[in-house]
Amino acid sequence: MERREDLDPAMRRRFQTGRMCLDLTHTGGKGEAARWEILHEPADASRFLGVIIETEPPVVVQPDMSSIRNLREAVSDLARSRAVGAPEPAGSAGAINAAAAEAPLVPQLVDSSRRLIQGNAKQALSTIARDAVELFSSTLANRIRICAADDCGLLYVDTSRPGTRRWCSMDWCGDRAKKRAAGRPVRSGDIA
Ligand SMILES: [Zn+2]
């Protein structure tokens, strides 16, 4: 199993939203998000779904790729509309519900901790869609934010008590903002 902690820092920060459904949106997408694309082949999708869900990579075949992209777009559209207080995009909730209605990955107890056992792409997407249903129907949905750095655009859930967190990660965009304020050189915010 590949853990997010083992990824290099530029890649790792895509998967630090604290929610697997939001992490999925950081694997690429349409329009602006196309430059972030890392799910080119089923092997890429298998690898990163495994990282996001914290399980062995699920079995992904070519026809699954459109289902993965559809769920990713639905979650991204809904999260970004919530973050800016825009009306809910048509079809997003329906796409999430359809994926959630499939059988999810099966959780098991292994050495006293919860693990999700390996399955196929449909099961993996169901697990992620159920996370989205939970997030968007909870009070945390009001805490979905877009990183304040102009050149970033990553999503996160602000779980800070006052709800005033501005950056996707303190050790990346937060650090860059601090350096910028101090007149020191900063690295690009573009995700690798
Ligand atoms: Zn950021």
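This is a short walk through a zinc site and a loop with unusual backbone angles in a predicted model.

Let's begin at the metal. Four cysteines serve as the protein donors of the zinc ion: C147, C152, C168 and C173, each through its SG atom. These donors lie 2.3 to 2.4 Å from the zinc ion. The angles among the four donor atoms run from 106 to 118 degrees, and the site is tetrahedral. It counts as tetrahedral because all angles lie between 85 and 135 degrees.

Now follow the zinc donors along the chain, where their spacing reads C-x4-C-x15-C-x4-C. Within this pattern, C147 and C168 link distant parts of the chain, 21 residues apart. C147 belongs to the loop between β3 (144-146) and β4 (155-157), while C168 belongs to the loop between β4 and α7 (170-181). Both C147 and C168 are buried.

Next, have a look at the loop between β1 (107-110) and β2 (113-116), where you will find D111. S112 sits in the loop between β1 and β2 as well. What is there to notice about the backbone here? Most residues other than glycine have a negative phi. D111, however, has a positive phi, near 50 degrees, and S112, also not a glycine, has a positive phi of about 70 degrees.

Are these two loop residues buried or exposed? D111 has a relative accessibility of 71%, so it counts as exposed. S112 is exposed too, with a relative accessible area of 74%.

Definitions and conventions
Residues are numbered from 1 along each chain as its sequence is written. This is a predicted model: local features need pLDDT of at least 70, side-chain atom pairs count only at pLDDT 80 or more; totals for chains, interfaces and linings use all residues. Side-chain values use heavy atoms; hydrogens and water are left out. Donors are N, O and S atoms within 2.8 Å of the metal (3.2 Å for Na, K and Ca); water is not among the atoms, so sites may look incomplete. Four donors count as tetrahedral if all angles lie between 85 and 135 degrees; four count as square planar and six as octahedral if opposite donors are over 155 degrees apart and all others between 65 and 115; anything else is irregular. Helices (H or I, at least four residues) and strands (E, at least two) are DSSP runs, numbered from the N terminus. Buried means under 20% relative accessible area, exposed over 50%, partly exposed in between (1.4 Å probe, protein chains only).
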